Amino acid sequence: MSPPMAARILVVEDNDSLRRGMALALRERFGDVDEVARGDAAVARLCDAEIEPYAVVLTDLRLPGADGVAVLRAARARDERTSVLLMTAFGSVETAVDAMRSGAFDFVEKPLDLDQLELRVSRALDHRALLDEVNVLRAEREARRAEEEIVGSSRVLRDATHLARRVAPTRSTVLVTGETGTGKELVASLIHRASPRREGPFVKVNCAALPETLLESELFGHERGAFTGADRRRAGRFEEASGGTLLLDEIGDLSAATQAKLLRVLQDQEFHRLGGTSTLRTDARIVAATNADLEQKRAAGLFREDLYFRLNVIHIHLPPLRERPDDLVDLAHHFLRELRDAPGRAASGFTERALERLRGHAWPGNVRELRNTVERAVLLAPGARIRHTDIVLSGPAARAPRPEGLPGLPPDGCSLADVERHLVLEALRRADFVQKDASELLGVSRRKLNYMIRRMGITHRSWRRNRSGEAGDGPAEVSGETP
Ligand SMILES: Nc1ncnc2c1ncn2[C@@H]1O[C@H](COP(=O)(O)OP(=O)(O)OP(=O)(O)O)[C@@H](O)[C@H]1O
Ligand SMILES: [Mg+2]
């Protein structure tokens, strides 16, 4: 990550009076200037994460400790937007060419002409400002792209993504809540990608996946011998995520001890490795996510109040998919487009009844479940459109809200067989005994309905003319009795 910075210049020169003279002149004209007399000290300074990268580094080629090329490499490795000016001996064209080849922005010849020096430094600073501008534009484009990857036009979703983009440039902790599969991780990654940290690491830790000691070691790292099995020192995720974003997933599952340690990191950015004594610092930006009701956990004393408020500085909530029917349809089409590009997949749309079926489901697994469902349907659908019969809703569908108009279970219970039979008969009547239409009304295949009809012994006169396999012969009227 490279934070935006003021004009900051580093002068590296071992000749004391020359260095002071340059620094003085540049300071007068450009402000902030640091000076260093040795190459190795300059390299150490450039690598120090606590010091902001310089806009311009002006370095002699021959230096004690490390040469100017090493200084140049260190500066560019830290932030490739840093412009490095190499000072070369008068008339040494070859050295100058080498300098440019190794990535220097420009070179200045010794003995120095101060006007020339200022001109070149000024040019280097302008160049740097331009790069910053390009960077800002690029960041905006990347943020827009990341936001567009989050599909759905519902107001609640768009509000959530706008908020994510607005807070992205800050270092504020963000809490993302929502049921499983609602897109919390997607929003966390939007926050990262829309932030100035986007080139830094995006590190994820699932706090529910590990027992306490292992989780703490995962987060904070450990020293050798900190616990049985810790045979080597290991850096934790907080260290790894420095300069980037750390997603703490399932934050509601933290133990009390880990909550206390996390609070300290959030307050002071400080922590210890397990078994370690030295205090380490991290500048990782924290995004916490949970599908638990953190407010409720807090009220029940299971989640520290102070930590709760620390995490809850900015809260982004993603409502469940069943509350966003517009998103549901957008997402179904989006996944269909994404998935149909494989050979043998014909479907390019949904029938209205298929969409109705999707809308009627409770989607306990939210977007993830929808994607899986569309994927299955694409594989099953023989034609150009996915029909409701191609949509297989798996287990948790039982939790779907009762479709409108259906009776509930009577207090004393009832016979499922009777209800089934009643509904089959009703569907048949409504479909004028055309089994194909009735099967669609019931959301089952024609074969299945035919099997049920035979099992229930239902007959109708119009079926006599049909293939004998369709239904058994029987009384001329619809009959609930076995023929
Ligand atoms: N609005 C959306 N647009 C496109 N894809 C989405 C959207 N919401 C979720 N997804 C996709 O659905 C899947 C689940 O999303 P994600 O992993 O972000 O959910 P989550 O809330 O973190 O779930 P969990 O609590 O189970 O970790 C991912 O494949 C994600 O890309
Ligand atoms: Mg997740």
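**Exercise 1. Charges and overall shape**

How many positive and how many negative side chains does the protein chain have, and how far apart do the centres of the two sets lie?

*Solution.* Keep in mind that you are working with a predicted model.
- Step 1: Count the charges. The protein chain carries 73 positive and 74 negative side chains.
- Step 2: Compare the centres of the two sets. They lie 6 Å apart.

Now describe the build of the protein chain and decide whether it is more spread out than a compact globule.

*Solution.*
- Step 1: List the elements. There are 18 helices and 16 strands in the protein chain.
- Step 2: Take the radius of gyration, 34 Å, and set it against the 23 Å that the globule rule gives for 483 residues. The value for the protein chain is well over the rule, so the chain is more spread out than a compact globule.
- Step 3: Look at the box. Along the principal axes, the C-alpha atoms fill roughly 115 × 50 × 40 Å.
- Step 4: Turn to the surface. The protein chain exposes about 25,200 Å², and carbon and sulfur atoms supply 50% of that area.

**Exercise 2. Inside the protein**

Find what share of the residues is buried, then explore the largest nonpolar core.

*Solution.*
- Step 1: Of the 483 residues, 44% count as buried.
- Step 2: Check the contacts with a separation of 6 or more. Residues 24 or more positions apart account for 67% of them.
- Step 3: Go to the largest nonpolar core, which has 27 residues. F238, L246, L248, I251 and L262 have the most contacts inside it.
- Step 4: Ask which elements build this core. At least two residues each come from β7, α8, β10, α10, β13 and α12. Helix α10 gives the largest share, 4 residues.
- Step 5: Zoom in on L246. Leaving out residues up to four places away in sequence, its contacts include V203, V205, F238 and I286.
- Step 6: Look for another core. A second, separate one has 24 residues, among them V329, L331, L355 and I386.

**Exercise 3. Two helices**

Is A427 buried or exposed, and which residues does it touch?

*Solution.*
- Step 1: Locate A427 in helix α16, which covers residues 416-430.
- Step 2: Apply the cut-off. Buried means under 20% relative accessible area. A427 has 7% relative accessibility, so A427 counts as buried.
- Step 3: Find the contacts. Not counting residues up to four places away in sequence, A427 touches A438, L441 and L442.
- Step 4: Try a distance. S439 is 12 residues from A427 along the chain, and their C-alpha atoms are separated by 7.9 Å.
- Step 5: Now visit helix α7, residues 184-193. This helix is mostly covered, with 7 of its 10 residues buried. Among the buried ones are V187, L190 and H192.

**Exercise 4. Special backbone spots**

Where is there a cis peptide bond, and what are the phi values of Q269 and N366?

*Solution.*
- Step 1: The cis peptide bond joins K110 and P111, with omega about -5°. P111 sits in the loop between β5 and α5.
- Step 2: Q269 has phi near 55°, a positive value in a residue other than glycine. You can find Q269 in the loop between α10 and β11.
- Step 3: N366 also has a positive phi, near 50°. N366 belongs to helix α15, residues 366-380.
- Step 4: Compare the cover of the two. Q269 is partly exposed, at 23% relative accessible area, whereas N366 is buried, at 0% relative accessibility.

Key:
Residues are numbered from 1 along each chain as its sequence is written. Chains are lettered from A and ligands numbered from 1 in the order in which they are written. This is a predicted model: local features need pLDDT of at least 70, side-chain atom pairs count only at pLDDT 80 or more; totals for chains, interfaces and linings use all residues. Side-chain values use heavy atoms; hydrogens and water are left out. The radius of gyration is taken over C-alpha atoms; the globule rule is 2.2 Å times the number of residues to the power 0.38. Buried means under 20% relative accessible area, exposed over 50%, partly exposed in between (1.4 Å probe, protein chains only). Contact means heavy atoms within 4.5 Å. Accessible areas come from the Shrake-Rupley method with a 1.4 Å probe; for residues, only the protein chains shown count as cover. Lys and Arg count as positive and Asp and Glu as negative; His and the chain ends are not counted. The place of a charge is taken as NZ of Lys, CZ of Arg, CG of Asp or CD of Glu. A nonpolar core is a set of buried Ala, Val, Leu, Ile, Met, Phe, Trp, Tyr and Cys residues joined through side-chain atoms within 4.5 Å.
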